[in-house]
Amino acid sequence: MAEALSQSQIDELLNKMRTGGMEELEQEEAENAARAKEKEYDFSSPKKFTKDQLKSLNSLYENFARVASSYVTSVLRDVCEIGVAQIEEQRYYEYSNSLPDNALVAMISFQPESQQYDETLLMMDMATSFGYFLVDRMLGGSGAPSQPDRDYSEIELVVLEHAFKNITRYLKEAWCNNFPVNMSLQNIETNGRLLQAFSPQDIVVIVSFEIKTADMVAPANVCMPAENLEKIINSFSVKYSRTVKQHDKEEEENRRNMMLECLKDTDVTVEAVLEQCQMDVGSIVNLKPNDVITLNTRITDNIQLVVEGDPWFEAKFGKLGPRSAVKVINTIEK
């Protein structure tokens with residue numbers, strides 16, 4: 001829908017038309033359209049992943065989000081939805097600076113089963129308010145949203161560690177559907193300023209989630225270094241890309257013949273239908289032996305052979321010795 005012009009814009013347009021400034025106006029509009037199509041690109045920090053690679057990663061974490069939603073719902077005893085909000089690349093220092101001082105971060109060991117890939121770390125951070133909410137519900141509380149002005153106690157950290165271990169297990173299952181890997185929770189950090197997992201200039205991939213419950217909406221993120229992820233995502237992106245399957249003609253023919261051999265002994269009902277007609281109930285009730293029913297076809301016309309209720313063949317009606325018989329003429333096109 002076109003944007004409505006204000007009165008001042010209409011007056012400006014009329015003035016330019018009177019003064020012969022229509023060409024300048026068109027040039028200005030063309031320049032504005034060109035600027036709208038421009039996208040900023042930081043050459044000092046080039047993107048490492050293509051849209052297809054990020055799409056593969058997005059699909060992986062969407063599967064994880066669905067399973068994690070079911071787990072958190074069972075823990076909270078209330079409906080919880082977790083969805084992937086976005087996936088982006090950035091410098092590690094940008095991610096680290098965005099963490100609050102009283103962060104809740106799970107440090108997860110990420111070890112591919114193949115020896116050609118290096119072991120690394122995954123960082124999963126969660127809103128502190130949701131951490132308190134989770135602990136409250138797991139310990140039988142009412143779950144009223146709150147964020148105490150204090151650090152987590154030892155007992156609360158043990159409870160959260162139990163929850164993160166289960167979440168790590170579901171994350172491992174999501175990854176193993178695409179790439180064999182071992183994961184384990186190493187520890188939980190609660191001070192965002194002391195986290196030095198990677199070099200500040202390292203490129204990391206941030207997967208952002210949104211956790212929705214009836215009482216709150218909280219963010220969560222998974223951070224992974226791009227250097228390791230770049231090698232891994234290439235392997236399973238190629239492995240699970242859709243390709244046209246080439247069938248072996250001889251194998252297909254053998255498979256078809258084998259299926260036909262198995263079906264040969266199957267009993268099916270074959271009916272020879274001379275003609276179909278409609279009669280009222282009174283006429284049917286009064287039918288007697290030797291009554292003649294007039295049909296709309298001749299005795300020499302083709303009839304239908306019906307197999308399990310479906311017409312398959314055209315045939316001729318006749319005699320074979322003392323018995324009535326039909327001769328198949330052709331196949332009815334479906």
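**Chat on a predicted model**

Tutor: To start, in this predicted model a polar atom of the R91 side chain lies 2.5 Å from the backbone oxygen of Q201.

Student: Where does R91 lie?

Tutor: R91 is part of strand β1, which covers residues 80-91.

Student: And is R91 buried or exposed?

Tutor: R91 counts as buried, because its relative accessibility is 17% and the cut-off for buried is under 20%.

Student: Switching to the largest nonpolar core. Which residues there touch the most other members?

Tutor: Those are Y61, F64, F130, W175 and F209, out of 58 residues in that core.

Student: Which helix gives the most to this core?

Tutor: Helix α3, residues 51-76, with 10 residues.

Student: What does a second, separate core include?

Tutor: That core has 13 residues, among them Y92, M107, L121 and C223.

Student: Okay, helices now. At what angle do α5 and α6 pack?

Tutor: At about 90°, and their axes are 10 Å apart. Helix α5 covers residues 128-138 and helix α6 residues 154-176.

Student: Why are they called roughly perpendicular to each other?

Tutor: Angles of 65 to 115 degrees count as roughly perpendicular, and α5 and α6 pack at about 90°, so the term applies to this pair.

Student: Which residues meet there?

Tutor: From α5, G131, Y132, L134, V135 and M138; from α6, E156, V159, L160, H162 and A163.

Student: How do the residues of that contact divide into nonpolar, polar and charged?

Tutor: Seven are nonpolar, two are polar and one is charged in the contact of α5 with α6.

Definitions and conventions
Residues are numbered from 1 along each chain as its sequence is written. This is a predicted model: local features need pLDDT of at least 70, side-chain atom pairs count only at pLDDT 80 or more; totals for chains, interfaces and linings use all residues. Side-chain values use heavy atoms; hydrogens and water are left out. A nonpolar core is a set of buried Ala, Val, Leu, Ile, Met, Phe, Trp, Tyr and Cys residues joined through side-chain atoms within 4.5 Å. Buried means under 20% relative accessible area, exposed over 50%, partly exposed in between (1.4 Å probe, protein chains only). Helices (H or I, at least four residues) and strands (E, at least two) are DSSP runs, numbered from the N terminus. A polar contact is a pair of N or O atoms within 3.5 Å; within protein, one must be able to donate a hydrogen and the other to accept it, and residues adjacent in sequence count only if both atoms are side-chain atoms. Axes are lines fitted to C-alpha atoms, for helices over the stretch in contact, and angles run from 0 to 180 degrees between N-to-C directions. Angles under 35 degrees count as roughly parallel, over 145 as roughly antiparallel, 65 to 115 as roughly perpendicular and the rest as oblique. Contact means heavy atoms within 4.5 Å. Ala, Val, Leu, Ile, Met, Phe, Trp, Tyr, Cys and Pro count as nonpolar, Asp, Glu, Lys and Arg as charged, and the others, Gly among them, as polar.
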